[in-house]
Amino acid sequence: MEQITYFEDYEIGSSRLTSGRTITETDFIVHAGHTGDFFPHHMDAEYMKATPFGQRIAHGTLVFSVGIGLTAAIVNPVAFSYGYDRLRFIKPVFIGDTIRTRTTITAKEDDPKRPGSGRVIERCEVINQRGDVVLAADHIYIVERKPAQS
């Protein structure tokens with residue numbers, strides 16, 4: 001869905017929760033193939049039985065990719081991703097876990113490079129089916145200001 005939201009229209013504290021997505025073994029295999037990350041933590045069930053986790057854990061980058069992808073249900077054509085800060089893998093995600101993402105607008109600031117835009121910081125928290133935050137990151141957007149009225 002496309003929805004135009006200018007810099008001035010963002011409200012600090014506003015939040016939304018995405019739909020959920022269950023992580024599968026296929027996700028592990030495809031992600032390992034895409035990234036080349038075949039570490040035993042993700043791919044070797046027998047190796048992981050002897051660890052405190054007791055089973056394979058999802059790649060942090062897989063959880064990040066899926067979690068952020070879930071937020072893409074709304075496309076704002078006047079906003080562009082500038083990047084992510086403070087990315088943390090807080091708790092493990094396992095095959096069969098269902099994740100969803102809560103986004104909350106935490107800050108707005110001028111963009112020193114682009115006077116016609118501002119920066120909006122959105123806290124992204126990926127949450128599992130038990131309500132535990134498993135990943136957190138700050139997403140920075142460059143967002144156009146409203147056009148001047150003539």
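**Salt bridges and the surroundings of Asp97**

Arg56 is buried in this predicted model, with a relative accessible area of 13%, where buried denotes under 20% relative accessible area, exposed over 50%, and partly exposed the range in between (1.4 Å probe, protein chains only). Residues are numbered from 1 along each chain as its sequence is written, and side-chain values use heavy atoms, with hydrogens and water left out. Because the model is predicted, local features need pLDDT of at least 70 and side-chain atom pairs count only at pLDDT 80 or more, whereas totals for chains, interfaces and linings use all residues.

The structure holds 13 salt bridges, a salt bridge being a side-chain nitrogen of Lys or Arg within 4 Å of a carboxyl oxygen of Asp or Glu. One of these pairs Arg56 with Glu25, the closest N and O atoms being 3.3 Å apart. Since Arg56 lies in the loop between helix H3 (45-49) and helix H4 (60-70) and Glu25 in helix H1 (residues 25-35), the pair ties together parts that are 31 residues apart in sequence; helices (H or I, at least four residues) and strands (E, at least two) are DSSP runs, numbered from the N terminus. In contrast to the buried Arg56, Glu25 is partly exposed, at a relative accessible area of 40%.

A salt bridge within helix H3 joins Lys49 to Glu46, with the closest N and O atoms 2.8 Å apart. Lys49 and Glu46 are three residues apart in this helix, so that about one helical turn separates them, and both residues are exposed. Asp111 and Arg114 likewise meet through their side chains in a salt bridge (2.8 Å, N to O), in which Asp111 is buried, with a relative accessible area of 3%, and Arg114 is partly exposed, with a value of 31%. Elsewhere, Lys91, Asp97, Arg130 and Asp132 are joined into one network by salt bridges that share partners.

Within that network, Asp97 is located in the loop between strand S3 (79-89) and strand S4 (98-110), and at 5% relative accessibility Asp97 counts as buried. The side chain of Asp97 reaches the backbone nitrogen of Phe94 at 3.0 Å. Not counting residues up to four places away in sequence, Asp97 touches Arg21, Thr22, Ile23, Pro92, Gln129 and Arg130, contact being defined as heavy atoms within 4.5 Å.

Terms used:
A polar contact is a pair of N or O atoms within 3.5 Å; within protein, one must be able to donate a hydrogen and the other to accept it, and residues adjacent in sequence count only if both atoms are side-chain atoms.
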